[in-house]
Amino acid sequence: MLTIGNPSSKEASLYFHIPFCTRKCEYCHFYVLPDQEPLKNQLLEGFKLEWERMLPFLQDKSIATIYFGGGTPSLFGPDRIRSILEMIHHSLPFDFSQTEITLEVNPENAQPALMQAYAQAGINRASLGIQTLDPDLLTLLGRLHSPSLAIKAVQDTYQAGISNISVDLMYDLPKQSLHHWEMTLEYIRSLPLSHLSLYNLTIEPHTIFFKKQAELTPLLPNEEASLAMYNSAIERLTNFGLEQYEISAFAKPGFYSRHNTGYWTARPFLGFGPSAFSYWQGKRFRNIAHLGKYYRALKSGHSPIDFEEQLDAEAHLKELFVIQIRLCQGILQSEFERRHGALSQETLQTLEYLLQEGFFSHSKGCWKLTKKGILFYDTVATELI
Ligand code: SF4
């Protein structure tokens, strides 16, 4: 089992949201823009203005991770990525080899020369949105890559010098059978991966899938099939040497996602770009989900934030517990309380109740989700919050 320490109070993470996509996938509910050069240049300028604005917050921090997410960040181009990394490095020097710097990549963009250029720009981790290796399901999702292209993308990324590679896989897809899911998992075995994240499909409002809900819902796997897919993934991935360290995340020893671990362990992070979230000093805030408005606000010296929330102390504590308990190593109560404050009697009573019901184990002061707790995490979270 990997052990994930609590982040030092000096550490912070940075997230850059790059919303461009060649085409909008049918299930996607993110803020996405067409892939156009003038918009990319506008976003780059916006990042620079926002960086100047947020820099005072970061003065006493060391940068633990930098993450380029989207959208499709691999469409942004190595020169723009390099200029962002240089901008950060210029004002807050960091060691490129010690800092996890991730780029989300769509397989159709992972040509060898391009990936080499990203590696030279400073990217040392790639997260590839493979989703499935079933050609029919890729078509149904509206993805632009084929299974063979996805496999080649992983190999090319590795050969380009980015050896720390994560892939995303989706289950609970319409018409997806356990057999097809296991075929995808078997293909994955041969790839040079250090990390894998699982996602189950949720049909969100404002998506094409939402409009097609009546047609798609009867095609979705039932609860039993969904559970079988999840359990099969845990078994197979563990056999491939990818250990489960969080409800949906698997890694080779030493290769857990430092960036995502920051989300689970309350490391502060600043999000840059339209629709990007931040978490800072117990407060959550989000930039406006509109590139033009985001840019104009910054250009005229105003904040691009259009939502902020400061949870009260008790609600914040419960939320921190619910997020951190996703990690398989569990929560050492004394350490958690030293960092964040004492759990209330109400929370402790709920934990006792969930312990009796078999959702938790509790040993030597450490709370952990049991298998039942992992499978019914949403129930656990609702009870605790
Ligand atoms: S590539 Fe990702 S961000 Fe872009 S449309 Fe598809 S799911 Fe959404």
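**Notebook: where domain 1 meets domain 2**

I began with the interface and noted that domain 1 and domain 2 together bury about 1100 Å², with 64% of that area on carbon and sulfur atoms. I then looked up which residues carry the domain 1 share, and found that I247, W264 and T265 supply 50% of the area that domain 1 buries against domain 2, more than any other three residues. I keep in mind throughout that this is a predicted model.

Next I checked the bounds, since I wanted to place these residues along the chain: the protein chain is divided into domain 1, covering 11-265, and domain 2, covering 314-384. The contact between them draws eleven residues from domain 1 and eleven residues from domain 2. I also looked up the spacing of the two parts, and their C-alpha centres lie 28 Å apart.

I turned to the polar side of the interface and asked myself how many salt bridges the rule finds across it. The rule finds one salt bridge between domain 1 and domain 2. I separately looked up E246, which forms a salt bridge with R326, and there the closest N and O atoms are 2.5 Å apart. For polar contacts, I noted a count of four residue pairs between the two domains, both residues of each pair being at pLDDT 80 or more.

Last, I went through the side of domain 1 that touches domain 2, and recorded that the elements giving two or more residues to this side are α9 (223-239), β9 (243-246) and α10 (258-264). Sorted by class, this side of domain 1 has six nonpolar, four polar and one charged residues.

Key. Residues numbered from 1 in each chain as written. Predicted model: local features only at pLDDT ≥ 70, side-chain atom pairs only at ≥ 80, totals over all residues. Heavy atoms only, no water. Domains from an automatic or database assignment. Contact = heavy atoms within 4.5 Å. Buried area = accessible area lost by both parts, 1.4 Å probe. Salt bridge = Lys/Arg side-chain N within 4 Å of Asp/Glu carboxyl O. Polar contact = N/O pair within 3.5 Å; in protein donor to acceptor, adjacent residues only side chain to side chain. Helix = DSSP H or I, 4+ residues; strand = E, 2+ residues; numbered from the N terminus. Nonpolar A, V, L, I, M, F, W, Y, C, P; charged D, E, K, R; others polar.
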